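Biologist: Could we go through the charged side-chain pairs together? Please show me the structure before we begin.

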Amino acid sequence: MKRLGSNGTATVVDPPANGNGSGAVEKLMLLASIRKSKPAGAEKIVVYAPEGWGKTTWASQSESPIFISTEGGLKGVKVDCFPEPKAWQDIFDAIEELRSKSHDFKTLVLDTIDWTEHLCHAFLLARDKQTSIEDYGYGKGYVLAFEEWKRLLLPLQHLREEKDINVIVLAHSAIKLFNNPSGENYDRFEMKTDKRISALIREWADCVLFGNYDIAVDVKKGQQKGKGYGGDRVIYTSHSAAWDAKNRYGLPEQIDSKFETFWNHVKGGKK
């Protein structure tokens, strides 16, 4: 097989083995293998918001939820939940239980990823005999954590595909400096995790929602700072300079904080 290089020179390249043990190459990309794509089934939803906004309560209103709560944040919310995980492996074990056993749960809620991140770091430090994620040097510890999170997304994806279970991931928000490549840097709301993890989760999700309070600011003439009023809980569904959000359901840019409102849009606008 010949491949044309960037300099225009053709070189002979051996095709990769699609091994069946016989040495023969099995072609995968054939016209006879073309199939119609299937509509997406269960949803992958991320919700991040300030502490106390009501993320756990919001997710508890989803369809037949089962929680993995890594921060003991279920006080006052009556839902089915696994025991609070004590180790990174516990997260994998809970997902495997849902994959391998018969049950009636329709939604898995991971509450929250920033506290789950602590379990991931603790696992790496114990495995590698380190005392801090910074001890690896030059961000290497965070790269190792990123690889672990990629490993976690695989069973979550399998759970969704095999059991048709929705996955809701909750996170706290934090105000972080955004390094703007096209102008001045500015503050914005982001998930309270390492930037690699938050980017991975955003890419994985079908829908990223930012929960906050709808606050009006009154700035009087001659003053640089204003006074905030209001405070209704709302959900932002589209990207803004001030936060990350996305959806594929044609949602309004802002909706109320009721799970029912969101879910009705999802079921009504699903392609």
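Modeller: What follows is a short discussion of salt bridges in this predicted model.

Biologist: How many salt bridges are found in the whole structure?
Modeller: The search of the whole structure finds 13 salt bridges.

Biologist: Which residue pairs with Glu-96?
Modeller: Glu-96 forms a salt bridge with Arg-99, and their closest N and O atoms are 3.8 Å apart. Both residues belong to helix α2 (residues 88-100), where they are three residues apart, about one turn of the helix.

Biologist: Is Glu-96 buried, exposed or partly exposed, and what about Arg-99?
Modeller: Glu-96 counts as partly exposed because its relative accessibility is 40%. Arg-99, at 23%, also counts as partly exposed, since buried means under 20%.

Biologist: Turning to helix α4, how far apart are Glu-148 and Arg-151?
Modeller: Glu-148 and Arg-151 are three residues apart in helix α4 (residues 140-163), so about one helical turn separates them. Their side chains meet in a salt bridge of 2.6 Å, N to O.

Biologist: How accessible are Glu-148 and Arg-151?
Modeller: Glu-148 is buried, with a relative accessible area of 8%, whereas Arg-151 is partly exposed at 35%.

Biologist: Which residues are joined into one network?
Modeller: Glu-43, Arg-160, Asp-206 and Arg-248 are joined into one network by salt bridges that share partners.

Biologist: And what do the side chains of Arg-127 and Asp-128 do?
Modeller: The side chains of Arg-127 and Asp-128 form a salt bridge with an N to O distance of 2.9 Å. Arg-127 is partly exposed, at 40% relative accessible area, and Asp-128 is partly exposed at 25%.

Note on methods
Residues are numbered from 1 along each chain as its sequence is written. This is a predicted model: local features need pLDDT of at least 70, side-chain atom pairs count only at pLDDT 80 or more; totals for chains, interfaces and linings use all residues. Side-chain values use heavy atoms; hydrogens and water are left out. A salt bridge is a side-chain nitrogen of Lys or Arg within 4 Å of a carboxyl oxygen of Asp or Glu. Helices (H or I, at least four residues) and strands (E, at least two) are DSSP runs, numbered from the N terminus. Buried means under 20% relative accessible area, exposed over 50%, partly exposed in between (1.4 Å probe, protein chains only).
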